[in-house]
Amino acid sequence: MARRRIHSQDFFMLAITSQDVYVHTSQGRLFARRWDPAGEDAAGAPVVLFHDSLGCVELWRDFPEQLAQETGRSVIAYDRLGFGRSDPNAAVFEPGFVAEEAQGGFRSLREELGIGPFVGFGHSVGGGMAVCSAGVYADDCQALITESAQMYAEDRTLAGIRAARQNFAEPGQLDRLKKYHGEKAAWVLSAWIDTWLAPEFAGWNLDEQLRQVRCPVLALHGEEDEYGSPLHQDKIVALAGGRAVLLENCGHVPHREQSRIVLDVVGQWLKTVR
């Protein structure tokens, strides 16, 4: 039987404090939250979380605090413009929107919060944004973690989005998003479905951005991810290098479905990053 390595955190809990802030940009305010080990110096560069296509700070739930506990690092999450508690966004996304976040919302976040060196952690499309940010700020990005990230418009990804479109067409389904995005919910849904299913998005990929990554990379992927096969993980490792971890019996949201495994893997891996 496999033995689980016991960490010091198993014997005591770090006190974690949280703080909500608003980041000002030329397009509107971005909501952000940070979790910091209380009364102690953080163990390294902060981890910045990039959320998925329907996500926001609140939808990370208790994972950021758990990640701060596991790593001893500060963790920062923010709502992209138009999502969660951030101001509305009237934009219609073009295929380049994933790469543009690095010099848009994330750049504003770095400037306002004084973020220098950082660890990027992105889920789903946020994984692509973390990749792009790691390339643009290669001197400051100390490590990159992707989770269920999409690197191109794969057939499985588009099929999953079409299925979701049907599901959200059912009465009451949009209310699930309104709980987190309020009256912006319809825009959030359209920004996901209409952008990815647009004909001009079919040739989208992040090959060029992956080649710009210079830091250590950890690519996590669920074996049963309904929005992308492990081929995305393979492409990350082929073009950016790093370590791939395929999670058995796991779908698109490993940090929720197998949180303990994700925390263990990420925590141990970050200890090896210099």
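Good morning. I begin with Arg85, which at 40% relative accessibility counts as partly exposed. The structure I am presenting is a predicted model.

What does Arg85 pair with? Its side chain meets that of Glu58 in a salt bridge, with a distance of 2.7 Å from N to O. This pair links distant parts of the chain: Glu58 lies in the loop between β3 (47–50) and α1 (63–71), Arg85 in the loop between β4 and α2, and the two are 27 residues apart. Glu58, at 29% relative accessibility, counts as partly exposed. The two residues also belong to a wider arrangement, in which salt bridges that share partners join Asp20, Arg33, Glu58 and Arg85 into one network.

Side chains of opposite charge can pair when their charged atoms come close. Within 4 Å, the cut-off for a side-chain nitrogen and a carboxyl oxygen, the count comes to 12 salt bridges. Allow me to describe two others.

The first of these topics is Arg29. Arg29 forms a salt bridge with Asp87, and the closest N and O atoms are 3.8 Å apart. Here too the pair links distant parts of the chain, with Arg29 in strand β2 (residues 29–37) and Asp87 in the loop between β4 (75–78) and α2 (97–100), 58 residues apart. Are these two partners buried or partly exposed? Arg29, at 33% relative accessibility, counts as partly exposed. Asp87 has a relative accessibility of 22% and therefore also counts as partly exposed, given that buried means under 20%.

The second pair is Asp36 and Arg34. Their closest N and O atoms are 3.0 Å apart in a salt bridge. Both Asp36 and Arg34 are buried.

I turn now to the strands. Where does strand β6 stand with respect to the rest of the structure? This strand spans residues 141–147, and six of its seven residues are buried, so β6 is largely enclosed by the rest of the structure.

Which strands pair with β6? Strand β5 (residues 118–123) runs parallel to β6 and is joined to it by six bridges. As an example, Gly120 has Leu144 in β6 as its bridge partner. Strand β7 (residues 217–222) also runs parallel to β6, and four bridges join the two. In that pairing, Glu147 has Leu220 in β7 as its bridge partner.

Finally, the connection between β5 and β6 deserves mention. Together with helix α4 (residues 125–136), these two strands make a right-handed β-α-β unit.

Thank you for your attention.

How values were computed. Residues are numbered from 1 along each chain as its sequence is written. This is a predicted model: local features need pLDDT of at least 70, side-chain atom pairs count only at pLDDT 80 or more; totals for chains, interfaces and linings use all residues. Side-chain values use heavy atoms; hydrogens and water are left out. Buried means under 20% relative accessible area, exposed over 50%, partly exposed in between (1.4 Å probe, protein chains only). Two strands pair if DSSP finds at least two bridges between them. A crossover is right-handed if, with the strands pointing away from the viewer, the path from the first strand over the helix to the second runs clockwise.
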